[in-house]
Amino acid sequence: MATQTTKRNPIKSAFASAAIIICFIIAVLLFIFVMGSGSNFEAGDNNNHPLPGNYLGMIYKGGVIVPILMSMLLMTFVFSIERILTIGQATGSGSVEDFVINIKNALEANKTDEALALCEKQKGSIGNVILSVVQK
């Protein structure tokens, strides 16, 4: 039984690793310098109680779990934006609806060369998948 190996893109792996580290660093810096700022606490000392109504001081008093939770929230935003951009690129260069209609018309007229040209023009995942089907 043959096993199929998948190639990993080192750029995507590096992006994910870097994003996690950067989000954690940003969260720790916000926790220490913004939320732990003396201006959020009585007598300007973050060991005291937070000023009444000061939510940053209250969050700071949550402890070391706060930067971990903040980094996870930041990672959610970063990876959501990355997925939106990636999916946007997967559709290719033109309208998917027009592409499908044009491919259908070309294949019904037995114009495989035209269909192949449309796939190469469309690019993206959709164009690549249809291209491989038309070639077979």
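Modeller: Let's fix one term up front: a residue is buried when its relative accessible area is under 20%, exposed when over 50%, and partly exposed in between, using a 1.4 Å probe and protein chains only. This is a predicted model, where local features need pLDDT of at least 70 and side-chain atom pairs count only at pLDDT 80 or more, while totals for chains, interfaces and linings use all residues. Residues are numbered from 1 along each chain as its sequence is written, and side-chain values use heavy atoms, with hydrogens and water left out.

Colleague: OK, so what share of the chain's 136 residues is buried?

Modeller: Buried residues come to 21% of the 136.

Colleague: And how many helices and strands are there?

Modeller: Six helices and zero strands, so the pattern along the sequence is simply α-α-α-α-α-α. Those are DSSP runs numbered from the N terminus: H or I with at least four residues for a helix, E with at least two for a strand.

Colleague: What radius of gyration does the chain have?

Modeller: It has 26 Å, whereas a compact globule of 136 residues would be near 14 Å. The radius is taken over C-alpha atoms, and the globule rule is 2.2 Å times the number of residues to the power 0.38. Along its principal axes, the C-alpha trace spans about 80 × 40 × 20 Å.

Colleague: How many disulfides does the structure hold?

Modeller: Zero, with a disulfide counted as a pair of cysteine sulfur atoms within 2.5 Å. Cys23 is buried because its relative accessible area is 5%, and Cys119 is buried too, at 1%.

Colleague: Which residues does Ser71 touch, skipping those up to four places away in sequence?

Modeller: Cys23, Phe24 and Ala27. A contact here means heavy atoms within 4.5 Å. Ser71 lies in helix H3, residues 65-90, and counts as buried because its relative accessibility is 3%.

Colleague: Switching to Gln122: is it buried or exposed?

Modeller: Buried, since its relative accessible area is 5%. Gln122 lies in helix H5, residues 112-122. Not counting residues up to four places away, Gln122 touches Thr91, Gly92, Ser93, Gly94, Ser95, Phe99 and Gly127.

Colleague: What about Lys123, where is that found?

Modeller: In the loop between H5 and helix H6, residues 124-135. Lys123 counts as exposed because its relative accessibility is 54%. Phi of Lys123 is near 60 degrees, a positive value in a residue other than glycine.

Colleague: Why mention the sign of phi?

Modeller: Because most residues other than glycine have a negative phi. Asn110 is another case, with a positive phi of about 60 degrees although it is not a glycine. Asn110 sits in the loop between helix H4, residues 96-108, and H5, and is exposed because its relative accessible area is 67%.

Colleague: Where is the place of Glu42?

Modeller: In the loop between helix H1, residues 10-35, and helix H2, residues 55-60. Glu42 is partly exposed, given a relative accessible area of 36%. Leaving aside neighbours within four places, Glu42 is in contact with Asn48, His49, Pro50 and Leu51. The C-alpha atoms of Glu42 and Pro52, 10 residues apart along the chain, are separated by 9.0 Å.

Colleague: Last one: how many positive and negative side chains does the chain have?

Modeller: 10 positive and 9 negative, and the centres of the two sets lie 8 Å apart. Lys and Arg count as positive, Asp and Glu as negative, with His and the chain ends not counted. The place of each charge is NZ of Lys, CZ of Arg, CG of Asp or CD of Glu.
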